[in-house]
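Visitor: I'd like a walk through this model, and I'll keep asking how you know what you tell me. Can we start with the DNA?

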Amino acid sequence: MAEKRLLLIDGNSVAFKAFFALYNSLGRFTNGEGLHTNAIYGFNTMLETMLKNVDPTHVLVAFDAGKVTFRTKMYDDYKGGRAKTAPELSEQFPYLKKLLAARGIKTYELKNYEADDIIGTTAKRAEDAGFATTIVTGDRDLTQLANDQTTVAVSKKGVSEVERYTPAYVTEKMGVTPEQIIDIKGLQGDNSDNYPGVTGVGPKRAVDLIDKYGSVEGVYEHIDDITAKKLKEHLIADHDNALLSKKLATIDRNAPVELTLDDLVYQGPDTDALVAFYQEMGFRTFLKKLSVDGETPSAVTGLQPIDYTELTADNLDQINLGDSCAFYLELDGDNYHLVDFAGFVIGTDDQWWVSRDVHLLEQAPLKAALEDTKVSKQVFDAKRTYVGLNRLGITLRGVDGDLLLASYLLNTYDNSNDLGRVAAEHGYDQVETDEDVYGRGAKRTIPTDDTVFFTHLARKARAIEHLRTQLFNDLEENDQVKLYREIELPMTFVLARMEIAGITVDADELRAMGSKFSEQLAEIEQTIYNEAGEEFNIGSPKQLGKILFEKMGLPVIKKTKTGYSTAVGVLEKLAAEAPIAENILKYRKISKIQSTYVEGLLKVIHPDDHKVHTRYLQTLTQTGRLSSVDPNLQNIPVRSAEGKAIRKAFVPRHKGWQIFSSDYSQIELRVLAHMSHDENMQEAFREGQDIHAATARRIFKLGPDEEVTPNIRRQAKAVNFGIVYGISDFGLSQNIGISRQQAKRFIDTYFQEYPGVKAYTERMVQLAHDQGYVETIAHRRRYLPDINSRNFNQRSFAERTAMNTPIQGSAADIIKIAMIRMEDAIKDLQATMLLQVHDELIFEAPAEEMATLEKLVPKIMDSAVDLEIPLNVESHYGPTWFDLK
DNA sequence: CGTATCACG
DNA sequence: ACGTACGTGATACGT
């Protein structure tokens with residue numbers, strides 16, 4: 001290692017990168033005063049890694065001085081048209097400088113010059129003085145500075161990871177030497193810095209030309225050797241542009257930088273200043289890293305101490321909870337149906353009782369308080385708490401506040417299952433995350449140290465009590481109190497009871513299917529090996545790709561990031577000329593069913609009750625739908641005959657009982673008809689028409705006597721789906737295998753025929769722009785920050801979600817309302833509601849209740865909300881989930 | 001731990 | 001010109 005090592009950092013560009021790398025977590029990174037800290041956090045992460053890796057003797061962070069530089073004098077529009085820096089980022093720069101000062105790192109900016117030029121100049125001086133230099137930047141243009149003594153580390157997508165550009169690596173990666181980077185930029189220009197280059201020359205042609213002729217000047221010396229006519233014309237016409245662009249791209253290595261290398265000596269941080277800074281920013285993790293030994297945690301973490309009392313059988317009677325308390329049941333893992341209990345905390349008004357012995361909860365006065373509707377409980381994740389207590393024989397009642405639900409409703413991105421995280425998102429910093437206290441992944445354990453564990457529990461309870469008012473005020477402000485009180489909170493207990501009920505799965509049936517599938521798999525496997533001429537792992541896309549496209553020489557239809565695509569669409573195209581493709585598809589289908597459904601389900605059948613108990617995640621999706629895990633019972637096969645057979649194993653829990661199911665037909669299109677007020681679409685639903693056929697008549701302009709063929713109905717159905725998903729001509733064309741132009745004509749005609757729908761899509765996008773979010777009929781919100789993104793993809797995605805979320809989310813609202821009313825409606829029956837699959841509810845009940853359910857369930861479902869058009873519900877029942885008729 | 005694939009609405 | 005359908009979860013592979 002060289003004796004003198006210089007670390008040079010491009011301050012603006014790294015901060016920018018850090019800001020966007022952590023942009024999705026913008027909400028999580030704010031300090032007590034509401035200052036955003038994501039860029040500072042990311043920058044500091046980068047600093048820690050680079051300081052460790054480079055171990056520099058000298059450090060400098062260079063910043064841009066302002067908009068006007070010598071380059072803007074050369075070219076007025078340099079960096080013109082750039083959107084203003086986000087205020088959430090600009091506000092962080094002063095603090096970034098404060099961080100650097102505390103770390104003992106020099107910062108520097110120079111009027112009329114950019115950070116690049118300071119770096120280029122300093123790097124050159126360092127080279128002359130025999131330094132080894134590392135430049136850190138987010139901007140690949142700086143790789144022009146790479147040479148034997150200087151490496152350019154360009155930060156990758158995350159901030160702490162960098163790609164190190166040595167001259168050899170520059171050539172490998174970009175196809176030219178570091179010195180030639182500026183020639184490339186000269187020819188191709190730079191969109192983000194807003195200078196033009198030569199028309200028609202992109203990265204590919206630029207590299208070709210520079211490879212051949214060495215430099216921009218070289219290209220023009222040999223201009224007559226260029227045979228491509230158009231290219232030559234453009235080169236001649238844009239000669240001035242090319243020279244100017246090259247100049248603009250060239251980093252000035254002789255800028256009047258006043259700092260000498262001696263000014264940059266790095267002696268490490270001022271620890272006191274750094275601790276103070278981390279505290280100001282609320283950087284807990286960084287603080288922890290600083291406190292190696294000796295220091296008391298509270299001084300470092302900024303956490304106030306907290307008092308608590310350990311409960312025992314002897315002091316139980318001293319508890320006084322009054323009419324309201326906070327409660328947190330700690331479990332040793334995610335699956336609350338199975339995992340061990342770890343302890344609990346209960347209390348109010350800074351009186352916290354804690355214990356590891358959950359059986360104390362079964363005794364007076366705790367059990368009574370937990371079951372008393374008049375003692376209002378504040379919790380975090382009521383469903384988890386309800387199921388956990390149920391295992392102890394306690395029925396939780398009187399829950400008034402669920403912080404997790406409230407937080408999710410306020411912002412669907414705040415869906416962490418960790419109280420500490422959620423608290424931090426709402427600006428409360430007096431509780432650590434479980435990850436901080438218990439560790440992560442395999443290393444996660446409940447601490448054996450009572451003080452550590454109980455302190456954390458007490459802080460959780462205090463956080464629940466503290467945050468309650470704030471979150472409820474926010475709900476009120478958003479007009480979401482009804483959504484919380486009348487939908488999500490009651491829903492959580494309905495779901496808890498469904499999860500506890502579980503659904504019976506016939507393991508013998510599954511095992512029998514499993515052996516049949518194994519035989520089939522063995523047979524197909526042999527056929528495939530014969531066709532391929534060798535044995536290989538069919539389950540490995542990589543090995544499969546080699547066989548199909550290299551050994552067998554089949555045409556490559558699509559590529560993925562890492563190699564050849566072997567997805568269904570590709571194999572279907574290949575099937576015509578290669579029978580192996582058909583067999584692979586068959587193999588895939590069966591092995592999917594075997595591993596995910598036969599083996600997967602067998603693993604989670606509870607040995608005592610022969611049931612599976614899923615967990616519905618109520619605070620995960622961005623639309624308000626539920627999701628189902630461990631196992632996922634919302635994706636049990638139905639579309640293929642082989643897969644559907646799995647449903648034979650889902651049976652009622654008693655002999656003589658039946659499985660009963662009701663589903664909304666086309667609920668999303670009906671919601672669209674309602675929200676868009678489109679008269680034509682509403683008419684179709686009011687008259688009970690087949691909506692896809694009706695759409696087909698309209699977009700294909702069929703006369704009254706013309707027949708809707710299955711094929712045009714299928715196409716119309718795809719267009720209807722497309723509309724719901726936030727249509728694009730490309731997406732539609734891909735889906736039904738037509739040309740993009742054809743797809744565009746379909747969409748145009750669709751919007752002519754359903755003008756209300758067109759207006760709806762435009763209205764939702766506009767709304768998202770104006771208020772930053774869209775809403776469902778029950779005021780569920782989804783924020784769409786990307787709606788104003790300069791990135792086309794991100795913006796387009798946000799626009800499609802703006803159209804889709806109110807539809808999908810309102811449908812989710814509707815079935816939730818139905819489920820809550822359903823519990824009450826069937827309370828006198830033996831029927832039990834078991835599953836929800838987005839637009840479908842599944843029950844088990846004695847055969848003699850079928851007739852009742854057939855009337856009752858659809859009635860509750862279709863009257864859940866009052867829309868401008870009717871809802872339609874269809875019901876089926878049978879001895880297993882497979883045989884519904 | 002990320003990627004590809006495929007199961008569902 | 002950009003490069004796409006919306007919302008999920010589980011499994012196997014390979015780094």
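**Asking for the reasons**

Guide: Start with α35, which gives 7 residues to the surface near DNA strand C, the largest share of that surface. Bear in mind that this is a predicted model.

Visitor: What makes a residue count as part of the surface near DNA strand C?

Guide: The test is a heavy atom within 4 Å of the strand. For DNA strand C, 37 residues surround it, and S540, S627, N632, G722 and F730 are the closest. Besides α35 (792-825), the elements α24 (541-551), α26 (579-604), β16 (627-629), α31 (710-725) and α32 (729-736) each supply at least two residues.

Visitor: Which parts of DNA strand C does the protein come within 4 Å of, sugar and phosphate or bases?

Guide: Both. Sugar or phosphate makes up 58% of the strand C atoms within 4 Å of the protein, and bases make up the rest.

Visitor: Why is the pair between N632 and DNA strand C called a polar contact?

Guide: The cut-off is 3.5 Å between N or O atoms. A polar side-chain atom of N632 is 2.8 Å from a sugar or linking oxygen of DNA strand C, so the pair qualifies. Two pairs involve base nitrogens of that strand: a backbone N or O atom of A718 at 3.2 Å, and a side-chain N or O atom of N735 at 3.4 Å. Set against the 3.5 Å limit, they therefore count too.

Visitor: What kinds of residues make up the surface near DNA strand C?

Guide: Sorted by class, there are 20 polar, 10 nonpolar and 7 charged residues.

Visitor: Now DNA strand B. Which residues are closest to it?

Guide: R588, K592, V638, R639 and D839, out of 23 residues that surround DNA strand B. Of the strand B atoms that come within 4 Å of the protein, 75% are sugar and phosphate. The most residues on this surface, 4, come from α26, and by class the surface has 8 nonpolar, 8 polar and 7 charged residues.

Visitor: How do you know that V638 makes a polar contact with DNA strand B?

Guide: A backbone N or O atom of V638 sits 2.6 Å from a phosphate oxygen of DNA strand B, which is within 3.5 Å, so the pair counts. Bases of the strand are contacted as well: a polar side-chain atom of K592 is 2.8 Å from a base oxygen, and a side-chain N or O atom of N635 is 3.0 Å from a base nitrogen.

Visitor: What does UniProt say about domains?

Guide: An unreviewed entry puts "domain: 3'-5' exonuclease" at residues 303-476. That span is 36% helix and 18% strand, with its end C-alpha atoms 30 Å apart. UniProt, again from an unreviewed entry, places "domain: DNA-directed DNA polymerase family A palm" at residues 643-849. There the chain is 57% helix and 14% strand, and the end C-alpha atoms lie 29 Å apart.

Visitor: What makes β3 and β6 edge strands?

Guide: They belong to an open sheet of 6 strands, ordered β3-β2-β1-β4-β5-β6 with mixed pairing. β3 (106-109) and β6 (162-165) each pair on one side only.

Visitor: How do you know that β2 and β3 pair?

Guide: Pairing takes at least two bridges, and 4 join β2 (residues 58-63) to β3, so they pair; the two run parallel. F63 stands opposite E109 in β3.

Visitor: And β8 with β11: how many bridges are there?

Guide: There are 3 bridges between β8 (residues 324-331) and β11 (residues 376-379), in the parallel sense, so the at-least-two rule is met. Here S324 stands opposite S376 in β11.

Visitor: Why is the bond between D630 and P631 called out?

Guide: Most peptide bonds are trans, so a cis one is worth noting. The D630–P631 bond is cis, with omega about 5 degrees, and P631 is in the loop between β16 and α27 (641-644). A cis peptide bond also joins A364 and P365, with omega about 0 degrees.

Visitor: What makes D479 worth a look?

Guide: Most residues other than glycine have a negative phi. D479 is not a glycine, yet its phi is positive, about 60 degrees. D479 lies in the loop between α21 (450-477) and α22 (481-501).

Terms used: Residues are numbered from 1 along each chain as its sequence is written. Chains are lettered from A and ligands numbered from 1 in the order in which they are written. This is a predicted model: local features need pLDDT of at least 70, side-chain atom pairs count only at pLDDT 80 or more; totals for chains, interfaces and linings use all residues. Side-chain values use heavy atoms; hydrogens and water are left out. UniProt positions are given in the numbering used here, feature names are shortened, and annotations may be inferred rather than shown by experiment. A polar contact is a pair of N or O atoms within 3.5 Å; within protein, one must be able to donate a hydrogen and the other to accept it, and residues adjacent in sequence count only if both atoms are side-chain atoms. Ala, Val, Leu, Ile, Met, Phe, Trp, Tyr, Cys and Pro count as nonpolar, Asp, Glu, Lys and Arg as charged, and the others, Gly among them, as polar.
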